[in-house]
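Good morning, colleagues. Please turn to the structure on the screen, and I shall begin with a question.

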Number of protein chains: 2
Amino acid sequence: MRPPFESSPAGSLTASAKSIFRLLAEGDPSTRPQLGEALNLSRPTMSAAIAELEQLGLVAKIGEVQGLIGRKAAIYRPGPTAGHVIAIDAGSTHVRLRVSTIDRRLLHSRVYRLPASQLLLGEEISRAVAEEVAATLTETDPGWGPLRMIGIAVPSRVVGPQGDRSATRQEEIFSCFEPPANVPVVLENNVNCAAVAERSYGIAKDSETFAYVQIGLKIGMGLMLGGRLLRGRNGAAGEIGHLAFPMADGSKPIAGEIERYMGTEGFMQRVVAAWPEPSGKAPADAADLMARAGEGCATALAHVTRHAEDIGAIVASCVSVADPGLVVLGGGMGGSPLLMPTVSEVANRLSYPVEVRTSTLGQDATVLGIEKLACEQTVDLLLGESRD
Amino acid sequence: MRPPFESSPAGSLTASAKSIFRLLAEGDPSTRPQLGEALNLSRPTMSAAIAELEQLGLVAKIGEVQGLIGRKAAIYRPGPTAGHVIAIDAGSTHVRLRVSTIDRRLLHSRVYRLPASQLLLGEEISRAVAEEVAATLTETDPGWGPLRMIGIAVPSRVVGPQGDRSATRQEEIFSCFEPPANVPVVLENNVNCAAVAERSYGIAKDSETFAYVQIGLKIGMGLMLGGRLLRGRNGAAGEIGHLAFPMADGSKPIAGEIERYMGTEGFMQRVVAAWPEPSGKAPADAADLMARAGEGCATALAHVTRHAEDIGAIVASCVSVADPGLVVLGGGMGGSPLLMPTVSEVANRLSYPVEVRTSTLGQDATVLGIEKLACEQTVDLLLGESRD
DNA sequence: CTTATTATGTTAGGCAAGTTAACAAAAAAA
DNA sequence: TTTTTTTGTTAACTTGCCTAACATAATAAG
């Protein structure tokens, strides 16, 4: 056993102190009266709990605020012992990194664009992550407190202890990158991370149950049910690229065929093949197609609409299984407002009532999501409470 | 406000007393030492808690047991105040009714076979339920304690307060049946109930996450995630009859088409249409087909295997969305052991690792499931703790 | 048949974590 | 300067659990 302090500086905090810390870690700094009100704690209890937390450095007073009348109220936020986390979106085109306190005050950030030639090469990504982390560590300010956690969003399945680990690419991220000793690492699928971000900061802030559907190079889904991510036994929940397809009387489905059919590449191949002479040169890529559709090109718009119908059918399948009530569209294509109406129309026609919204968080969704997860994990660790 | 005693005779029980009651309601009667051991409660705490519960009649001593040596240990189980529940499977062919204590000791049971001509007529079912409940109430024994809850499993979606209530048939059950005053009613979809039963008593006892797929007249799924049913915004989670189908390049999916294609009726139509002259008379119904397949009839077996492949594809779709790790096959056709191997092979080929098992609970699965749910609800109510 | 051993249950006393009530401190309003 | 209002602290009490010690009821041993 390690010394208990290292993993959990707050081994034996009172329940009230824990709940106060949790609330402060959640977001905005708060005054004592606000905290007491929110948590239904009496003023004496607040005094005792804050004293406990301040003693450990888990909480610090950052000022006072004057109401209309009466004594000033003290304002608190997580203190230096609470430390900071590194969140990394290890995507196939970019590596995005954010360093922040556990109440998500940004301390540092960097973006590294991978050479296009190395798309999807796991080793290159791992090397980039290693370099960015190393560079970050040299700039660490002692005022940030200890590094508590590194969160990494990866574009592959992430399995828990009981799943089929062999078939994942999740370990590739460590091929060239070794995390600093004694700093735990949280891995999470990038689509799931985006779902978390939509839930915490984005268009799904008001819903604790919804499906985030990413449509871009590949397609994938993140299922948020009652505020919790559904990961599945093999980390494969939401791998809708594997929906049975084609599925029709007589034909036999092929594994992963939907991904090939619906991904940007397969889609654009069909678009280019079907592009009529009179409409001019076929679009160079998906972004080009979307731009032309947005400008009113009828041919482009027809293709986009056709694609949206396919997406609507897939969304209907997801609704038929999980009935989330809300679907958020995101990703390279999914982020376009052109898709939403058709997707919504088709999904609602084929299945049960769903609201369809378009993501508002841009490319930062994934980093923000993994940051959120890393912070949550850190709080659990500090308070000695591990969630599942 | 009603008097608090009626809804919750245990308004202010200590946490330890609540946990003891919960454990006793769970199942087998237990001795004090066993309970204390299981719940990590000291003997003095046990004394106090049992005294509280016994006072209210929520718990009763039913005997003593002698170990190898030492004093006898007292055995307890839920007492008369805990009361009893009525569980009803309001199916389209049978109405099954069970009366039991909240620790699920059967007090009374009856089965009513609906006239075949009235299949699916909601009003007839409602009338049958009303009659069976009335008949049951006349036989109630005062020793059973108060009737705490009526649970009804219905073959339709069941929506919560925020869902789209208009499109459900859930209210039909009350067209001719009015529950006794002051007795709360729990409605639940019959497939979900079967899933609960498999989880509590059946083949999925060891798994808190799995999908129950019912294949019979209609097809449906119950999703158990982390020990909790996934119901969905519109109570439509698991309505896999609405998976997008046919889904292939060029063809447009039709709402609910899978149900027509995969249900017993559609399936048997195809079987009969394709039945070759030399194999003799076409099978009369699905049971006949299954019987012949079991006896080695190659034609019958080929049809069954083909059907199992289709089911495998659907299971693969569910796995791709929820990745439950375990799928239990049940229902009229699904209960046959002939299907499992092919379903498993196809599902695993098309998607991620899933274990496929065949249901062991027969036609009682649904009643047992709604009974379990009614008992859980009752315990929550008695302890003044409502879950979601 | 008495005595030792052991498991069960109760009594006494203590502690942790909250509460309410009353008081002290710090600010604006009268 | 005094009053009023909000914030924070101190004192005393309550609840719900605990441990330690004792009482009870059974078998095992002498």
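What lies 2.8 Å from a phosphate oxygen of DNA strand C? The answer is a polar side-chain atom of Ser42(A). This is a predicted model, in which local features need pLDDT of at least 70 and side-chain atom pairs count only at pLDDT 80 or more, while totals for chains, interfaces and linings use all residues. Residues are numbered from 1 along each chain as its sequence is written, chains are lettered from A and ligands numbered from 1 in written order, and side-chain values use heavy atoms, without hydrogens and water.

Let me stay with the DNA. An N or O atom in the side chain of Lys72(A) is 2.7 Å from a phosphate oxygen of strand C. For Asn40(A), a polar backbone atom is 3.2 Å from a phosphate oxygen of that strand. There are 25 residues around DNA strand C, near meaning that a heavy atom lies within 4 Å. Sugar and phosphate make up 66% of the strand's atoms that come within 4 Å of the protein.

I turn now to the two protein chains. Contact, meaning heavy atoms within 4.5 Å, joins 50 residues of chain A to 52 residues of chain B. Met247(A), Val321(A) and Tyr352(A) supply 19% of the area that chain A buries against chain B; buried area is the accessible area (1.4 Å probe) that two parts lose on being put together, summed over both. Two salt bridges cross this interface, each a side-chain nitrogen of Lys or Arg within 4 Å of a carboxyl oxygen of Asp or Glu. Glu309(A) forms a salt bridge with Lys252(B), with the closest N and O atoms 3.3 Å apart.

Conventions:
Polar contact = N/O pair within 3.5 Å; in protein donor to acceptor, adjacent residues only side chain to side chain.
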